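The following account leads the reader through one protein model, beginning with a detail of its backbone and ending with its overall form. Please keep the sequence and the coordinates at hand.

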Amino acid sequence: MSEKRNEKRNAVDLSHHLSDIAKALPTQTFPSAPPPGAISLDGGVPDTEYFPIESITVEYLKPSAFPLKPTDALPHGTGVLGWIANVLTGKGSRTTEAPTGQFVIPRRLQANDESQFELKSALQYTPITGIPAIENTIRDWVARVHKPAYNDCKTLIDLGASCAWSSCLTILLNPGDSFITDRYAYNAALLQGRAKGMIPVAVGTDMDGLSAIDLERVLASWDEKTRGSKRPRVIYTQGGIQNPTGLLISAQRKKDIYDVAVRYDLIIVEDDPYYFQQASAPYSSSAARVTKKQTDEEWLDGLVPSFLQFDYEGRVVRLDTFSKSVGPGGRLGYYTGSPLLLAKLGILHQAFITFPSGFSQAIIGELLHRYQTEGFTRWLRGLTGQYEMRRNWAIDAIHKAMDVKPRDNWSRALTAYVRTDGQMTEKFARTTSLMSFVPPDGGMFIWFNIHLHNHPRYKQLSQQTSPAAAKNQLSTELWTTMVNEGVVFRRGELFAVQDDEERAEQGEEDVFLRASYSSGTKEDLEKGMNIFAAVLVKFFQ
Ligand SMILES: Cc1ncc(COP(=O)(O)O)c(C=O)c1O
């Protein structure tokens, strides 16, 4: 195997993984390009002179808009006024560089235009593969960042990760097929799979992500009759920071999972919106937070590699999105994968969703062109600093509101107790943990494990009804009280692959809540955490 790993080859043939729909799709996109010089009277293509938009002027933030060591909230506003305010208050970037740049996307490009996009093409039907300029940028970016381990790896533009996962399900699985995922996985991804009649199967996870050992156990012991479906052929997981847990799969774990995928002939769909949000340092409650000194290039190279770097056979379909780096409203992302799978995805797109908005392709494409690789890297690094700062604010607030201690000597998990300030008896405060969590490795979420097993009514309730019903009742009570008190977290049950009974049978007594620290003011974030802590203490009384 290590020989195969060292020698860079083309993707292996994985056509046996295609679904019935994928097999029924034509093998070529349509229509084919007219021969050079031919007058094409072929399609219902509007004359570009009829497009009412003459040009689009975009004012954008420069890559260094956010400082590498942020100490406070986002800049006051965009543009020169916001920049002056930030410089005066010392909050934003301290550079003297003008804060914003500007570009124009004209109706028609002239020979000396710096822009790469024109509305004449962007607002026309564009190729499934994207406007060539953005296609090239994305291909070069993937080669620079992810360094796929086989030769003929391709990229393909799409409408963001949600749409991309839906398309992957369509070309890889038939209704009734199952796919493997983490015990708690992105709720919308589960919803899509279930709505298409596919069955998510949970594999054990730990702080390094999906367990390669448990993955192999599930596959090796798969029994079609008892399971009611064929052995899964697809894994859905997140390569970078996980949603909902906020944790990062280590490089070694990715390699181990990949090796199992080769042994059992699996395809890995790596949905990875938070890849660039890997925090520069683990959370530390100490005031002196050190930021590593490194160049932007070193920062990019220091990120835990994606599955693509281990993929020497073309078994990974990676889903990237601009939702978390530019804006979800752009509805723009891209796949990276083998020629066969990406060709099928392209033809599927042509049949069902056509292509991403030309406005988005032109604006985001031109932005990337202005940033260049170095600038986009700096931009991503600045954003990551912002999210890291927010993570620290959220956890600092929990530390203030509760008595937070390391859970044990070997893990990064923290356990929270009520403060010994007379709200509860001294003994309760010292011995009864209310919740625990692992400070996220980055991303946008904290995953709180609420210790229902310590709740005064849990045992009695579960004897009267069932453990699953008791959990459900108490967790509804907690969540509803929080909402009534003014803070909304997302219930962990929404991310569960297994149902309430199954989880309870496996001895899972606790429930989870996911809190997002990705937006809003510091004050609101702290207030939200304070409400959570106060409601939790009352709930356990
Ligand atoms: C894991 C995961 N995948 C996909 C998405 C959606 O991405 P997109 O906006 O590109 O559809 C999200 C958004 O929260 C997410 O957390």
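In this predicted model, Asp265 counts as partly exposed, because 13 to 19 C-beta neighbours within 10 Å define that class and Asp265 has 15 inside that distance. The residue is found in the loop between helix H10 and strand E9 (267-271). Its backbone deserves attention: phi of Asp265 is near 55 degrees, a positive value in a residue other than glycine. Lys147 offers a second case, with phi near 45 degrees. Lys147 lies in the loop between helix H5 (132-145) and strand E3 (154-158), and with 13 C-beta neighbours inside 10 Å it counts as partly exposed.

A further backbone feature occurs at Pro244, in the loop between strand E8 (234-237) and helix H10 (251-263). The peptide bond that joins Asn243 to Pro244 is cis, with omega near 25 degrees. Most peptide bonds are trans, and most residues other than glycine have a negative phi.

Asn243 also belongs to the surroundings of the ligand, together with Gly160, Ala161, Ser162, Tyr186, Gln238, Asp271, Pro273, Thr321, Ser323, Pro328 and Gly333. By class, this shell comprises seven polar, four nonpolar and one charged residues.

Attention now turns to the interior. The largest nonpolar core has 124 residues, and those that touch the most other members are Leu215, Val234, Ile235, Val269, Ala394, Ile398 and Phe448. Helix H13 (residues 358-401) gives the most to this core, contributing 14 residues. Because domain 2 (129-278 + 300-356) and domain 3 (386-539) both supply residues to the core, it lies between them. In soluble globular proteins, nonpolar side chains tend to be buried together.

Val234 shows the contacts of one such residue: beyond its neighbours within four places in sequence, it is in contact with Leu172, Leu173, Phe179, Leu266, Ile267 and Val269. Leu169, placed in helix H6 (residues 161-172), is buried, with 25 other C-beta atoms within 10 Å. Apart from neighbours within four places in sequence, Leu169 is in contact with Gln192, Gly193, Lys196 and Met198. Leu169 and Tyr236 are 67 residues apart in sequence, yet their C-alpha atoms are 9.8 Å apart in space.

What of the whole? The protein has 18 helices and 17 strands, and 43% of its 541 residues count as buried. Among contacts with a separation of 6 or more, 73% are between residues 24 or more positions apart. The C-alpha atoms fill a box of roughly 85 × 70 × 45 Å along the principal axes. The radius of gyration is 25 Å, which agrees with the value near 24 Å for a compact globule of 541 residues.

Terms used. Residues are numbered from 1 along each chain as its sequence is written. This is a predicted model: local features need pLDDT of at least 70, side-chain atom pairs count only at pLDDT 80 or more; totals for chains, interfaces and linings use all residues. A residue is near a molecule or strand if its C-beta atom, placed from the backbone, lies within 6 Å of it. Ala, Val, Leu, Ile, Met, Phe, Trp, Tyr, Cys and Pro count as nonpolar, Asp, Glu, Lys and Arg as charged, and the others, Gly among them, as polar. Helices (H or I, at least four residues) and strands (E, at least two) are DSSP runs, numbered from the N terminus. The radius of gyration is taken over C-alpha atoms; the globule rule is 2.2 Å times the number of residues to the power 0.38. A residue is buried if 20 or more other C-beta atoms lie within 10 Å of its own, exposed if 12 or fewer, and partly exposed in between; C-beta atoms are placed from the backbone. Two residues are in contact if their C-beta atoms, placed from the backbone, lie within 7 Å. A nonpolar core is a set of buried Ala, Val, Leu, Ile, Met, Phe, Trp, Tyr and Cys residues joined through C-beta atoms within 7 Å. Domain bounds come from an automatic or database domain assignment.
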